[in-house]
Amino acid sequence: MPWPRHVVYSILFLPSLATIVSAQTNSVESQPATQEQHGGCTEAPAPDAPPSMCVPALAKNENDAGVEAIAKPTAKIDLVVPQGSTLRIALDQRTRISHPGDAVHGKVVETVYAFDQPVIPEGSIATGHVIKVDSVPGVRRTMAYANGDFSPFHKYAVSFDTVTLPDGRQLLVATTVSAGTAQVVHLVSPSAQKQKSASQRATDAGKGKIHEAQDQIHQSWEQVTAPGKMDRLKRYLLAQSPYRHQYIEPGTRFNADLDSALSFGEIQRTSDDFTALASALPPNTTLKARLLGEVSSATATRGTRVEAVLTEPLYSPAHQLILPVNSRIVGQVVQAKAAHKFHHNGELRLIFERIEIPAEAERAASETAPPKVVAQNTAATESRPELTRRGNVRMTGNIEGVDVDRRDHMVLDDEGGARTTDSKTRYLSTGVAILLAAAASHTDSEHGSVDNAGDPGVRTAAGGSGFRLVGALISLGAKSQPVSIALGVYGASSSVYTNFLSRGHEVVFPKDTPLEIGFGSPHAAASRAKP
């Protein structure tokens, strides 16, 4: 009968069936734990559910990594000081101008940046040499001889070829150097001086007069007790002598333009670093810049384009980069008045209207921007009126500070306009010269005797007013009243022409002139002058 056979088969396969059931049960029980361990399903699937109901944890992790990589990409930025950038260098040693090859030694007085990083710190040592000493033209030499100057000024040129950083590294540079400025003064507009906080003004009101008096006393005492009094006296006497050596004095400043770019490696930036790039400037922002070309009241006209570049990066109050260095500041001349005869001086007024960030910064910001930000870039630009589609900032800026030569006698007004002034001593000096010429015509009648040559002291002073030391010696030694009168009249005539009849002084901002540009509410006068 068949049933005994089925019973036997059942008995033989029972252990195998139990093993299979136990294995399936263990597999189902262990599956949720495995998925939970790898971040998969949070609860066990139904017994008849296919394995694809749970996403493998590895696939989810790869997706998260991709999202993270897209959210914060990085961009490489080359730290390059471009060709044409300026090193501002002040000599710290006296240098004689005699022939090409004489060594010059100075220090960098303004930190040089690449993008937003300082690469040549203030105080770095700059060394070079004199490359040219020009001969004096015949006409100028003749005029100098006529005024008792037998060692007229020679034009010269220097070049700096090595910069030593504070850490000892040396940079080999090639530079084109402008003429040196012996006495640099920093002018500040009255409006910039008024932009102090209330606490500062209160403090200054209480201590200003005391500090001013203390400073005057301190400066006067220093002039008396400072070392080198004999050296300063010697230099003064040599400057009055008809023959003297020519020197470049310590403190003379030069602008050295780089003939080729300098590379300082590279840095990496993410989108977080460009959050505030080209955003609206904080209120009462002052930018440090330099002019890209000369601007003169003699040649400029209303509407003449003016450009400057940023020399120091600008950050937001949260220390986020707004403007990297070499951002271009574009403006125009709104008023230019050339100098005229009868000593009418020139005037010049500039305004700055927009800032263009460098292409390198725009490229880096685009590379690090997430896809959604890139897609919405146009809408974001339209919602921010201070930005143009090219990433430029539109503002109104005026000159609030400038470094100029003291001999230019320049001043700034409340709206940032520049004009030249005349020394008040011109009236005194011209009056004295006229009085000496008149006194030289009188005879000396002391002690009952008459000296037709006049008083020796008056003769000497009259000759000196015309031809300095040489004229004084000639007038004293000649003992001739006509000679003294002629020298005195020449000195008086020269003073009257120079101080009152000649052409006035132009306002000139040379190339690479350091500027402080204030951006904020436009000044009323500047707005009215704007075309």
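Two strands count as paired if DSSP finds at least two bridges between them; strands themselves are DSSP runs (E, at least two residues), numbered from the N terminus. The model is predicted, so local features need pLDDT of at least 70, side-chain atom pairs count only at pLDDT 80 or more, and totals for chains, interfaces and linings use all residues. Residues are numbered from 1 along each chain as its sequence is written, and side-chain values use heavy atoms, with hydrogens and water left out.

**Exercise 1.** State in which order the seven strands of the open sheet lie, and which strands are at its edges.

*Solution.* Step 1: the order is β9-β8-β7-β4-β2-β13-β10, with antiparallel pairing. Step 2: β9 (170–172) and β10 (175–177) each pair on one side only and are thus the edge strands. Step 3: direction ignored, neighbouring strands of this sheet are turned by 40° against each other on average, where axes are lines fitted to C-alpha atoms.

**Exercise 2.** Describe how β2 and β13 pair, and name the bridge partner of I89.

*Solution.* Step 1: β2 (residues 86–91) and β13 (residues 253–258) are joined by five bridges in the antiparallel sense. Step 2: I89 has F254 of β13 as its bridge partner.

**Exercise 3.** Determine whether β26 is enclosed or not, and how it pairs with β15 and β22.

*Solution.* Step 1: five of the six residues of β26 (residues 514–519) are buried, so this strand is largely enclosed by the rest of the structure; buried means under 20% relative accessible area, exposed over 50%, partly exposed in between (1.4 Å probe, protein chains only). Step 2: β15 (residues 285–291) pairs with β26 in the antiparallel sense over six bridges, and L287 is bridged to I517 of β26. Step 3: β22 (residues 392–405) pairs with β26, also antiparallel, over five bridges; here N398 has G518 as its partner in β26.

Methods:
Helix = DSSP H or I, 4+ residues; strand = E, 2+ residues; numbered from the N terminus. Axes fitted to C-alpha atoms, helices over the stretch in contact; angles between N-to-C directions.
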